[in-house]
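Please open the structure in a viewer and keep the selection panel at hand. The tour below proposes a series of selections and describes what is found at each.

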Amino acid sequence: MEVKRRTARNLVSKLSSVSEQTRTDALCELRLISKHDPDSRPLIADAGAVPYLSETLYGSSPTIQENAAATLLNLSISSRASLMSTHGFLDALSHALSNSLSPTVVQSCAATLHSLLIAEDTYRPIIGSKRDILYTLLSIITDNNSPPRSIKDALKALFGVALYPLNRASLVGLGAVPALVSLIVRDARTGIVEDATAVLAQIAGCEEGEEAMRKAGGVRVLGDLLDEGTGASERVRENAVAALLNLARCGGEKGRKEVKEMGAKVIEGITDLTKNGSAKGKTKAAELLKIVVDGYGQSEVRDFRFNTSCDFMNHSI
């Protein structure tokens, strides 16, 4: 371990060299060590690497930026406190997210945020207060030229931000709902739609989300995802159920009314999830089904139950 500690100190000391080549070589080595040797990560952080790595994100060399961003991502796995306690660290991430010409740098920075947000709930209000970071993450998912990997990493970071209830109103205010709804509509890639609906489900859990969902046509889009004819994955459909349930719970009377008014359009899809979804999905689908059936006309409910019973009987035969 002492050899590893000396190696870390030696490499970190080279990050302040006047020679760009020396700095580049040291960064390349730190990136590889932090990736392949978990024991070295805290040693690298303790050697004072984080301030140098953060400062490097302001540089103009894509290669140097990529190595610095990747090293920070590796350190975020086990040395989160060192990152978050470094003055200017989040500002450096924000700068790289919005200014770097390298998609790899953007992806590493977004993934670093996700790593921090998922592991430590105490970091969620801190990162959520950085509106420039939230704005940039939303810009990534609305840019038609963003690579799929960048969009996925940005969505995962946004999900981490939205896990903290008080961050949801900020996301709504920055236009997250129309951005997410638009992404779901235009992007057919299952992984991206799954991540986008997961974020939307979290944001729907705040009172401010109701008006934004209504204006963006979010309820209609979520209802469409529950239609088995769309071929949406089980995770997408469960996320849609979670979003509608949160809207009914937190969106006041208007939110509950919107969910109820979907009626026959979503009952079959919700019912399917009560039988075939995950354990958590079944519970949420059952609760949502009660809300939707509540807003359904009695004759329509009888028709639906009769048709469903026929389906069950035909299936058993």
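Contact means heavy atoms within 4.5 Å. With that in mind, select Leu-113: leaving aside its neighbours within four places in sequence, this residue is in contact with Leu-90, Leu-93, Leu-97, Ile-127, Ile-133, Leu-137 and Ala-157. The model on display is a predicted one.

**The whole chain**

Before going further, return to the full view. The protein has 21 helices and zero strands. Its C-alpha trace spans about 80 × 40 × 35 Å along the principal axes. Of its 317 residues, 49% count as buried. Among the contacts with a separation of 6 or more, 69% are accounted for by residues 24 or more positions apart.

Next, colour the chain by pLDDT. The average is 90, and 92% of the residues score at least 70. Select residues 297-317, where the pLDDT is below 50. Beyond near neighbours in sequence, this stretch has eight contacts in the model.

**The nonpolar core**

Which residues touch the most other members of the largest nonpolar core? They are Leu-113, already selected above, and Ile-141, in a core of 93 residues. Helix α17 gives the most to this core, with nine residues. In soluble globular proteins, nonpolar side chains tend to be buried together.

Now move to Thr-112, which has its place in helix α8 (residues 103-119). Is this residue buried or exposed? Thr-112 counts as buried, because its relative accessibility is 0%. Show its surroundings: not counting residues up to four places away in sequence, Thr-112 touches Ala-69, Leu-72, Leu-73, Ser-76, Leu-83, Phe-89 and Leu-93. Leu-93 is also among the contacts of Leu-113.

**An exposed lysine in helix α2**

For a contrasting stop, select Lys-35 in helix α2 (residues 20-36). Lys-35 has a relative accessible area of 52% and is therefore exposed. Leaving aside neighbours within four places in sequence, Lys-35 is in contact with Arg-41 and Asn-74. Add Leu-75 to the selection: Lys-35 and Leu-75 are 40 residues apart in sequence, and their C-alpha atoms are 8.6 Å apart in space.

**Salt bridges**

A search of the whole structure finds 17 salt bridges. Begin with Arg-235 and Glu-194, whose closest N and O atoms are 3.2 Å apart. Arg-235 lies in helix α17 (residues 234-250) and Glu-194 in helix α14 (residues 190-203), so this pair ties together parts that are 41 residues apart in sequence. Arg-235 counts as partly exposed, at 37% relative accessibility, whereas Glu-194 is buried, with a relative accessible area of 14%. Extend the selection to Lys-152, Lys-156 and Asp-195, which are linked with Glu-194 and Arg-235 in a network of salt bridges.

Continue to Lys-215 and Glu-211, a salt bridge with its closest N and O atoms 2.9 Å apart. Because they are four residues apart in helix α15 (residues 209-216), about one helical turn separates Lys-215 and Glu-211. Lys-215 counts as exposed, at 65% relative accessibility, while Glu-211 counts as partly exposed, at 39%.

A further pair to select is Lys-257 and Glu-261. In this salt bridge the closest N and O atoms are 3.9 Å apart, and both residues are exposed.

**An annotated repeat**

Select residues 175-218. An unreviewed UniProt entry annotates this span as "repeat: ARM". The span is 77% helix and 0% strand, and its end C-alpha atoms lie 13 Å apart.

**Two cysteines**

How many disulfides does a search of the whole structure find? The search finds zero. To examine one pair of cysteines, select Cys-206 and Cys-250. The sulfur of Cys-206 has its closest cysteine sulfur in Cys-250, at 7.7 Å, which is too far for a bond. A disulfide would require the two sulfur atoms to be within 2.5 Å. Cys-206 is buried, with a relative accessible area of 7%, whereas Cys-250 counts as partly exposed, at 28% relative accessibility.

Definitions and conventions:
Residues are numbered from 1 along each chain as its sequence is written. Side-chain values use heavy atoms; hydrogens and water are left out. A salt bridge is a side-chain nitrogen of Lys or Arg within 4 Å of a carboxyl oxygen of Asp or Glu. Helices (H or I, at least four residues) and strands (E, at least two) are DSSP runs, numbered from the N terminus. Buried means under 20% relative accessible area, exposed over 50%, partly exposed in between (1.4 Å probe, protein chains only). A nonpolar core is a set of buried Ala, Val, Leu, Ile, Met, Phe, Trp, Tyr and Cys residues joined through side-chain atoms within 4.5 Å. UniProt positions are given in the numbering used here, feature names are shortened, and annotations may be inferred rather than shown by experiment. pLDDT is the predictor's confidence in each residue, from 0 to 100.
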